[in-house]
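Open the structure in your viewer and keep the selection tool at hand. Please walk me through it, stop by stop: what should be selected, and what is there?

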Amino acid sequence: MKKVIMGNHALSYGAMLGRAQVIAAYPITPQTQVVELLSEMCASKALDAKFIKVESEHSAMAACLGASLAGARTFTATSSQGLALMHELLHWASGGRLPVVMGNINRSMAPGWSIWADQNDSLSQRDTGWMQFYCASNQEVLDSTIQAFKVSEALAIPSMIILDAFAISHTYEVVDVPDQAAVDAYLPPFKPALKLTSSEPHAFGGLTGPEHYFELRYKLQKDMEKAPALIDQTGLEFEKMFGRRLEQVEEYRCDDAEIILVTSGTAGYTARVAVDELRRKGVKAGNCRIRVFRPFPFDEVRRVAAKARRMAVVDRNISYGCHGIFYQEVKSALYGGADTPPIFGFIAGLGGRDITPGDFGDIARYAMSKPKPEEEIVWIGVKK
Amino acid sequence: MKKQKPTEKIIFQSEKEMPMMPMSVGSMLFNKTGAWRNIKPVVDNSNCIQCGICWKFCPDMSITIENEFPVVDYVYCKGCGICAEECPSKCIAMVEEEK
C-alpha cells in the first residue's frame, strides 16, 4: 500500500514489517519519530514486540545485545552523540556476532552543537564491524531495513541503516509499504546458531586469551567478506518480490561518462539532477552512489571506475588530517589498477549545509579542468 | 547445593572448530582471581542468620552454602566486600590479607 510518510517512519515500518521482537531506544533529535511510532505500534499491538525504555544510548544497545543473544530479532535507532555514546557496545555487537539492526540518522557531531546532516557520526564507527547502508530515499530506508535483517542474521553481523538528518528523516515521500505476508515470505523468523537459554547455560563473551582471540577476528572478517555477494543475492530476491532492486552501488548514466561523481546518501540524488543538467550542456557526466559502505564494495567500485575518465568523490564528512572518508576508500579500492582514472576529492555540506546541483556542476567543471588532482582536498562553498 | 560439572581448559587447534563468539572456553579454571585480593571476607557463623544474601549478591559466585552456612571460595574471591556490606547481621568481616 502506498503511503506518504517521513523517512523516520519508513524506518519504523521497516522494523515493524521485519517483525522486530525487542526494541530498546533512547530518543534524540532527529531520530525521535522512529521510536515514537514504534512505541505506539507496540502499545496498540500492531507490533508484537517488547519496547524497553532506557536511560541512555549505551543502555539501549546493551539491552539490544541481551535480547539478541536470547534469540530475539532486535532493532534500535539513534543519531550522532547517541551513536558515539554507544561506541563501546557496537564492538560488543559485532564481536558477539549479534545481528542487531539499527537506524542511524546522520547528524553532525558537536561542538558546535548541530542537529543537521553530515556523516562523521556513522563514519566514526567505520571500524566497529557493523555493515553500513547509506540510503537516498524514504523507500530505500524501508527496503534496506528489511534486507538488513536478512543479511545480518545470515552472517551474524549487525547492520546500520543510515539516512541524512531532515533531508530524509523529516521529509515526506510516497513509500510503497509492502504487505506483511510478502515480507514474511522474504524474511523468515530469526533462528540464531547460538543463544542464551536456561536449559543449556553458557558464558558468552568471556576472557579470551591470545590463543583464540585472533581466530575470532579472522572469522568475523571472513564472514564480512561474504556480505557483498549476499547483499547482491538478497537484493535480487527483493526485486523479484517487490520490484525494487537493492544494490551495493547505484549507477546513473555512467556508461559513456567522462566524469563520474561519486556520492552517498541524499547527495546521490542531487547529483543525478546535476548530471542531467551537465549533459544538457554537453558534459558527459555520470553518478555512482555508494549505498553499502561496509563491507566496502571493492568490485563494484572498480567496475564503475573502469568506465570513467575522471572521478570526483564528494564527501559530506572528513577525517581530519587526511581526506574525505569515501575518497580514501575509493582510492584504496582502485590503487594499482592498470587504467585508474584521476580521482579528485571534494568536501561539501558539512553540518547540514546544502549540496546543490550547482555545487556538483562546479565540482565536475573543476575536475574536468585539471589533468590530475593538485590539492589533497578541494573544499566546496567555504565562505572565504 | 548443585554440584559443578567437571570442566577442562579447551584449546582449539583450528578456527573451523571454534564458535563464532567466545563462549564457555573454561578460562576461569586457570584465571584464579583470588590472587587479586587485598582484603578477605571472614564469616562468623555464630552470628549468621542463614539468609543467603551473601551467596545471592556475590558477583563472582565465590560463596557457596554448605551445611546451611556460607563458605567463601578464596581461590576466586577478589575481596570486593559486597557480601560484608549486604550482610544484615554484619557477621562478615573484611580482614587484611597477610602478605
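The tour below goes from domains to sheets, then to cores, one buried residue and the second chain. Keep in mind that this is a predicted model.

**Stop 1: the two domains of chain A**

Colour chain A in two parts: domain 1 (2–241) and domain 2 (249–379). Their C-alpha centres lie 28 Å apart. Now select the contact between them. Domain 1 of chain A puts in 26 residues, and domain 2 of chain A puts in 22 residues.

Stay on the domain 1 side of that contact. Four elements of chain A give two or more residues to it: α6 (120–123), β6 (131–134), α9 and α10 (227–242). Which of them gives the most? Pick β6(A), with 4 residues. Colour this side by class and you should find 15 nonpolar, 7 polar and 4 charged residues.

**Stop 2: the seven-stranded sheet**

Show the strands of chain A as ribbons. Look for an open sheet of 7 strands in the order β3-β2-β4-β5-β7-β6-β12. Its pairing is mixed. Why do β3 (50–53) and β12 (292–294) of chain A stand at the edges? Each has a single partner strand, so one side of each is left without a neighbour in the sheet. Turn the view along the sheet: the twist averages 20° from one strand to the next.

Zoom in on β4 (residues 74–79) and β5 (residues 101–106) of chain A. These strands run parallel and are joined by 5 bridges. Select A:T76, and you will find A:M102 of β5(A) opposite. Then add helix α3 (residues 57–69) of chain A. This helix packs on the sheet and touches β2 (22–25), β3 and β4 of chain A. Its direction makes about 165° with that of β4(A).

**Stop 3: the six-stranded sheet**

Next, select another open sheet of chain A, this one of 6 strands. Its order is β9-β11-β10-β13-β14-β15, with mixed pairing. The edge strands are β9 (249–252) and β15 (378–379) of chain A, and each pairs on one side only.

Go to the β15(A) edge. Strand β14 (residues 343–347) of chain A runs parallel to β15(A), with 2 bridges between them. Click A:I347; A:W379 of β15(A) stands opposite.

Now bring in two helices.

- Helix α11 (residues 267–280) of chain A lies across β9, β10 (259–263), β11 (285–290) and β13 (310–315) of chain A, at about 170° to β11(A).
- Helix α13 (residues 325–334) of chain A lies across β10, β11, β13 and β14 of chain A, at about 145° to β13(A).

**Stop 4: the cores**

Hide the ribbons and show nonpolar side chains. In soluble globular proteins, such side chains tend to be buried together. Here, the largest nonpolar core has 119 residues. Which members touch the most others? Select A:L261, A:V262 and A:A312. This core takes at least three residues from each of domain 1 and domain 2 of chain A.

Centre on A:V262. Beyond its neighbours within four places in sequence, its contacts are A:C288, A:I290, A:M311, A:A312, A:V313, A:V314, A:F326 and A:V330. Then jump to a second, separate core of 8 residues, which includes B:C58, B:V72, B:C77 and B:I92.

**Stop 5: A:A148**

Go back to chain A and select A:A148, in helix α7 (residues 138–155) of chain A. Is A:A148 buried or exposed? A:A148 is buried, because 28 other C-beta atoms lie within 10 Å; the cut-off for buried is 20 or more. Leaving out neighbours within four places in sequence, show its contacts: A:V101, A:F133, A:S159 and A:I161. For a distance check, pick A:P297 too. The two residues are 149 residues apart along the chain, and their C-alpha atoms are separated by 16 Å.

**Stop 6: chain B and its contact**

Show chain B alone. Count 2 helices and 4 strands. Along the sequence they follow the pattern β-α-β-β-α-β. Of its 99 residues, 15% are buried. Among contacts in chain B with a separation of 6 or more, 62% link residues 24 or more positions apart.

Finally, bring chain A back and select the contact between the chains. Chain A gives 19 residues and chain B gives 13 residues. On the chain A side, helix α9 (residues 213–225) of chain A has the largest share, 4 residues. By class, that side divides into 7 nonpolar, 8 polar and 4 charged residues.

How values were computed: Residues are numbered from 1 along each chain as its sequence is written. Chains are lettered from A and ligands numbered from 1 in the order in which they are written. This is a predicted model: local features need pLDDT of at least 70, side-chain atom pairs count only at pLDDT 80 or more; totals for chains, interfaces and linings use all residues. Two residues are in contact if their C-beta atoms, placed from the backbone, lie within 7 Å. Ala, Val, Leu, Ile, Met, Phe, Trp, Tyr, Cys and Pro count as nonpolar, Asp, Glu, Lys and Arg as charged, and the others, Gly among them, as polar. Domain bounds come from an automatic or database domain assignment. A residue is buried if 20 or more other C-beta atoms lie within 10 Å of its own, exposed if 12 or fewer, and partly exposed in between; C-beta atoms are placed from the backbone. Two strands pair if DSSP finds at least two bridges between them. Axes are lines fitted to C-alpha atoms, for helices over the stretch in contact, and angles run from 0 to 180 degrees between N-to-C directions. A nonpolar core is a set of buried Ala, Val, Leu, Ile, Met, Phe, Trp, Tyr and Cys residues joined through C-beta atoms within 7 Å.
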